[in-house]
Amino acid sequence: MVISRSNYLCKFIISIGGNTMKRNELKVLRVRNGLTQPVIAEKLGVSLSTYNLIEQGKRRGSAEFWLKLQSEFNLTHSEVWKLQNPQI
């Protein structure tokens with residue numbers, strides 16, 4: 001079985017566990033889909049620095065950001081809520 005770099009990174013992030021995994025769920029979603037931060041930032045209509053801060057949990061995205069993310073990745077409302085509220 002061949003493990004791609006993105007799958008390896010996802011497995012590494014998930015294996016860390018605990019709060020780290022919770023904070024990195026947005027990153028895991030991005031990496032699993034083979035996207036870089038600049039690419040996803042452009043798709044979601046935000047600057048790279050804004051996306052980076054949202055992914056790090058240092059900034060909350062706008063409603064428009066989360067709706068675009070939901071549409072881009074075909075997520076349910078529940079999945080988006082979990083990404084918005086990783087501490088729960």
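Me: Helices (H or I, at least four residues) and strands (E, at least two) are DSSP runs, numbered from the N terminus. Which pattern does the protein follow, read along the sequence?

Reply: This is a predicted model, in which local features need pLDDT of at least 70, side-chain atom pairs count only at pLDDT 80 or more, and totals for chains, interfaces and linings use all residues. Residues are numbered from 1 along each chain as its sequence is written, and side-chain values use heavy atoms, leaving out hydrogens and water. The protein contains 7 helices and 0 strands. Its elements accordingly read α-α-α-α-α-α-α.

Me: What percentage of the residues in the protein is buried?

Reply: A residue is buried under 20% relative accessible area, exposed over 50% and partly exposed in between (1.4 Å probe, protein chains only). The protein has 88 residues, and the buried share of them is 32%.

Me: Which element gives the largest share of the largest nonpolar core?

Reply: A nonpolar core is a set of buried Ala, Val, Leu, Ile, Met, Phe, Trp, Tyr and Cys residues joined through side-chain atoms within 4.5 Å. The largest one has 15 residues, and L26, W66 and L69 have the most contacts inside it. Two or more residues each come from α3 (25-32), α4 (37-44), α5 (48-55), α6 (63-73) and α7 (77-84). The largest share, 4 residues, is given by α6.

Me: Which residues does L26 touch, not counting those up to four places away in sequence?

Reply: L26 is among the residues with the most contacts inside the largest nonpolar core. Contact means heavy atoms within 4.5 Å. The partners of L26, beyond four places in sequence, are Y51, I54, E55, W66, L69 and L83.

Me: What share of the contacts between residues at least 6 apart in sequence joins residues at least 24 apart?

Reply: One contact made by L26 is with L83. Across the protein, among contacts between residues at least 6 apart, the share joining residues at least 24 apart is 38%.

Me: How many residues apart in sequence are the parts that the pair of Y51 and F65 ties together?

Reply: Rings of Phe, Tyr and Trp (its six-membered ring) pair if their centres lie within 6.5 Å; planes under 30 degrees apart are stacked, over 60 edge-to-face, and the rest tilted. The count comes to 2 aromatic pairs, and that of Y51 and F65 is tilted, at 6.3 Å centre to centre with 45° between the planes. Because Y51 belongs to helix α5 and F65 to helix α6, the parts tied together are apart in sequence by 14 residues.

Me: Which residues do the ring pairs link into a cluster?

Reply: Y51 is buried, with 0% relative accessibility. F65 and W66 are both buried, and their aromatic pair is edge-to-face, with 4.9 Å centre to centre and 90° between the planes. Ring pairs thus give a cluster of Y51, F65 and W66.

Me: Is R30 buried or exposed?

Reply: R30 is found in helix α3. Beyond four places in sequence, R30 touches L35, T36, Q37, I40, Y51 and E55. With a relative accessibility of 8%, R30 counts as buried.

Me: Where does N74 lie?

Reply: Most residues other than glycine have a negative phi. N74 is not a glycine, yet has a positive phi of about 55°. N74 is exposed, with a relative accessible area of 71%. Its place is the loop between α6 and α7.
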